[in-house]
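User: Please take a close look at the place where the ligand sits, and explain the terms as you go.

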Amino acid sequence: VMPTVGTFPTSRQDIAGISIADLAAQFSTPTFVYDAAVIVERIEDLKAFDLVRYAQKACSNIAILELTRRHSVVVDAVSAGEIHRALAAGYQGGTNADGVHEIVYTADIFDADALDLVVEHDIHVNCGSPDMIDQLGARKSGAEITLRLNPGFGHGHSQKTNTGGQQSKHGIWYEQIEECKQRAAKHGITITGLHMHIGSGTDLEHLAQVCGAMEKAVREVGNTINTISAGGGLPVPYNAEQSYVNLDEYFSLWDSSRKNLESELGHPIKLEIEPGRYLAAESGNLVTEIRAVKEMGDNTFYLVDAGFNNLARPIMYGSYHPISVVTADGSDREDLDVVVGGPLCESGDIFTQEEGGFVSKRSLPKAKVGEFLVLECAGAYGSVMGSNYNSKPLAAEVMIAEGKAHLIRERQSYQDLMRGERLLG
Ligand code: LLP
């Protein structure tokens, strides 16, 4: 069943049944609050696929990874750090009892730490550059690998999230399959999987083009292939004009490609999907406190205690996030067109902006200093893209599960902030 596009109310009092004022009192602000039930629902939506591999780069808190693991979702790791997180959440290297690689390392390079970890924990590698085949082969002959192919085209919600075509650094160019087969053969490496990811936040039309490219590529590699991955990229609506893709339709396109390949190769092929945003985005809310309400000529600004150090998507891509105000008395208020910004000493620290940095206004309830404001749909590429700019500590993270709020990441302390720094002495 397709989730329907919700409405986006601009005033609210709770997250998953818990009062936002209570959450703020208990955990302070700014704090990311995740609703575990939303993640579980999104996992359920994808159960037609043989394997759902969570692209943890979207939101990699180990409590989130433990939740996905408990719901039979496997995981992708793009760095040594993400491999450590997967292991800490209980995922294992190698192949599990069902013959599944619980962790796959997907990247365009190995740094020294990543290569060491991959070898040490026998982690399956999805190679995004031909050089990775030789680097892995030198350490671990006889390995099985996946190739991440760049099919020569791509599409994303922003030019910055388009990962296909010759402008992109991602994946192995689709015309280099033969060369990769030779590199693999030299090391006794077998190519057992192919993977394509054309971009993040794209649409069905573009996603569907990948199936054809995948079929062609599998034929070129030959019958060692036992897994194909559709990559991630599934969009979620951030406002009423955007929508989900039709998942039934998306699955059938991939399923029919898979079936074609199964009958040509004469053996079963597993179909994986690798979503990040789709699982995490809607579960997450960034709870902030309004610290100033000020007039600048014709504009009213709500300045909150979170900035692009906490949620970088608006300044990076002009991304729209739904926003709501938590009125202290729960009253219905008249709406006002306002600009919402943060505390950073940089004029681009504005949540209501369009691509190119153009400031826009949002119609929100009239609010006062001390009331809370929630930046919604902030679960994916929110906390993980946080920084310490302006020496702001990273925000706390809280997960609500079965009606209870759990602290899953402490707010960074000021000692944490300077950890490792040294005076010349
Ligand atoms: N697989 C690969 C190989 C990827 O590169 C990505 C995202 C995904 C899966 C997951 O894509 P998703 O399902 O989340 O669309 N920071 C940007 C998004 C960058 C995505 C990078 N790669 C944003 O905030 O929109």
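Analyst: The following describes the surroundings of the ligand.

This is a predicted model, in which local features need pLDDT of at least 70 and side-chain atom pairs count only at pLDDT 80 or more, while totals for chains, interfaces and linings use all residues. Residues are numbered from 1 along each chain as its sequence is written, and side-chain values use heavy atoms, with hydrogens and water left out.

The ligand takes up the space of the largest pocket, a pocket being an open set of points on a 1 Å grid over the protein atoms alone, with protein on both sides within 12 Å along at least five of seven lines; a molecule sits in one if more than half of its atoms lie within 2 Å of its grid points.

Around the ligand there are 19 residues, and the closest are His-157, Ser-200, Glu-274, Arg-313 and Tyr-381, where a residue counts as near if one of its heavy atoms lies within 4 Å. By class, this shell has five nonpolar, nine polar and five charged residues, with Asp, Glu, Lys and Arg counted as charged, Ala, Val, Leu, Ile, Met, Phe, Trp, Tyr, Cys and Pro as nonpolar, and the others, Gly among them, as polar.

Three of the closest residues each place a polar side-chain atom beside a ligand oxygen atom: Ser-200 at 2.4 Å, Tyr-381 at 2.6 Å and His-157 at 2.7 Å. Of the 580 Å² of accessible area that the ligand has on its own, the protein covers 92%, with areas computed by the Shrake-Rupley method with a 1.4 Å probe.

Definitions and conventions
Polar contact = N/O pair within 3.5 Å; in protein donor to acceptor, adjacent residues only side chain to side chain. 1 Å grid on protein atoms, 1.4 Å probe; cavity = no way out; pocket = protein on both sides within 12 Å on 5 of 7 lines; lining within 4 Å.
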